[in-house]
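I opened this entry to record what I looked up in the model, going from single residues to the elements around them.

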Amino acid sequence: MDTQLGLKFKKESLAIKARELIRACVHCGYCNASCPTYQLLGDELDGPRGRIYLIKSLLEDKTSAEKVKLHLDRCLLCQGCETSCPSSVQFGKLAIIGKEIIEQSVQRSFLERLLLNFFLHFITDRKKFYYLFKFGSSIRALLPDILRRKLPQISKEDTILRRDWERKDWGGNPRQMILFKGCVEPIIYPSVLNSARRLFRRLGIELIDIAEEGCCGALAYHLPNRKKALSQMKKNIDVWITHLKKGMGGIIVCSSACCQMIKEYGDILKDDKQYNHKALQIARMTFDPVEILEKEDIHSLLNAPRLEPVAYHSPCTAQHGLKEKGRVEAFLSRLDIKLTSIPDSHMCCGAAGMYAVMQKELSQRILELKMKNILGGKPAVILTSNVGCRLQLQQLSPVPVLHWLEYIEKISQPAAAQ
């Protein structure tokens, strides 16, 4: 699909990149079958093909930025359309570029700007988020019902503010790896990180915490706020590259959204002469836990086979972003864990970062459909690998929702310890 750039876009680098991405689209429409918003709303403009046409029309000065904003804001950026696209259109990249162009043209409402700035400055800062979470928990009874459902209970396990597990006397051992903690997970679900540490240690791999690291940049990058995102990415690169040069085995990232973001550092910073090589090295040395565990002899650590049915919700960032569809499921099945079948398992749960806040009604409708499909198999527990998905699913789940690492670590413990 060719795009004739309008006068104001002819020399705009973002517009030129968008034109190249649009060119791959043959407007076949296969993508619509994998788009949650198209399936819900039935509007061509709320599907990937329609959004591509809108961005194309915007770049050709034929459509207002306000109209494009309406339909792009409804996009979950789940990348499900990319998995089903026969032409390999990189819709995720195109949508983010479209959002960046729109941000330069359209003034958001005061409430939208307030929410976006709040999330950028409080959610992506661990210490600020910790105190915000503590405060929210203290007034839980006063919160609206929808916020109470989203807010998990404070964990009894160690939080990010404890540094007992940080060490300084390491380096030069490929069986040592950096454990990336992220912003939200170490506060809300520290049990995930603690389970990863214990499980990997039992396999002879030590996971090391780096205090200086920060947000992976995903939230800012997708909003989009490229300047802040790049700053967060470069800070992490500077911190990690020094340690990796000592001979460590890489970086383990438990949350699939963060893992996808860090693995994309090399592509995002490919034109930055100072950081391109370092970013590519970081991307190549970043691993989802399953990439390491599937090569280890973990079977010998397990107790008797689990008879309870388990549902695994594969996050969009894992199956569409990281292209790991079925990988965790295959690993769990090899451990004799009985997995239930989930209809339309490729569909998003409706979390999508800020989406659950900015598009509450759509997010909730998508969640209801997802939970109906998950609970149809009558699972005793629901597993996932992304903190956002876990927060989303637990709103309506009558059974526990865990990270799959927590579940594996639990069933690998000696019987007396369980």
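Before judging burial, I set the cut-offs: I call a residue buried under 20% relative accessible area, exposed over 50%, and partly exposed in between. I also note at the outset that this is a predicted model.

**Glu-291.** I first looked up Glu-291, which lies in helix 17, residues 289–293. Its relative accessible area is 13%, and because buried means under 20%, I entered Glu-291 as buried. I then asked which residues Glu-291 is in contact with once its neighbours within four places in sequence are left aside. I found Lys-263, Thr-286, Glu-324 and Arg-327. With Lys-263 there is also a polar contact of 3.2 Å between the two side chains.

**The open sheet.** Thr-286, one of the contacts of Glu-291, led me to strand 4, which spans 286–287. I traced an open sheet of four strands in the order 2-1-3-4, with parallel pairing; strand 4 and strand 2 (206–208) are the edge strands, each pairing on one side only. Strand 1, residues 176–180, pairs with strand 2 in the parallel sense over three bridges, and in this pairing I located Gln-176 opposite Glu-206 of strand 2.

**Phe-110.** I next turned to the surface and asked whether Phe-110 is buried or exposed. Its relative accessible area is 59%, so I entered Phe-110 as exposed. I placed this residue in helix 7, which covers residues 110–123, and noted that Phe-110, Leu-111 and Leu-114 form a nonpolar patch on the surface with about 350 Å² of accessible area together.

**Leu-396.** I found Leu-396 in the loop between helix 22 (387–393) and strand 7 (401–403). At a relative accessible area of 33%, Leu-396 is partly exposed, because that value falls between the cut-offs of 20% and 50%. Apart from its neighbours within four places in sequence, Leu-396 is in contact with Gln-364, Leu-367, Glu-368 and Met-371. I also checked Leu-396 against Lys-150: the two are 246 residues apart in sequence, yet their C-alpha atoms are 9.6 Å apart in space.

**Helix 23.** Last, I asked why helix 23, residues 404–411, can be called largely enclosed by the rest of the structure. Seven of its eight residues are buried, and I therefore kept that description. The buried residues I listed in helix 23 are Trp-404, Leu-405, Glu-406, Tyr-407, Ile-408, Glu-409 and Ile-411.

Technical notes: Residues are numbered from 1 along each chain as its sequence is written. This is a predicted model: local features need pLDDT of at least 70, side-chain atom pairs count only at pLDDT 80 or more; totals for chains, interfaces and linings use all residues. Side-chain values use heavy atoms; hydrogens and water are left out. Two strands pair if DSSP finds at least two bridges between them. Helices (H or I, at least four residues) and strands (E, at least two) are DSSP runs, numbered from the N terminus. Patches are made of residues with over 30% relative accessible area and no salt bridge: like charges are joined within 9 Å, nonpolar side chains (Val, Leu, Ile, Met, Phe, Trp, Tyr) within 5 Å. Accessible areas come from the Shrake-Rupley method with a 1.4 Å probe; for residues, only the protein chains shown count as cover. A salt bridge is a side-chain nitrogen of Lys or Arg within 4 Å of a carboxyl oxygen of Asp or Glu. Buried means under 20% relative accessible area, exposed over 50%, partly exposed in between (1.4 Å probe, protein chains only). A polar contact is a pair of N or O atoms within 3.5 Å; within protein, one must be able to donate a hydrogen and the other to accept it, and residues adjacent in sequence count only if both atoms are side-chain atoms. Contact means heavy atoms within 4.5 Å.
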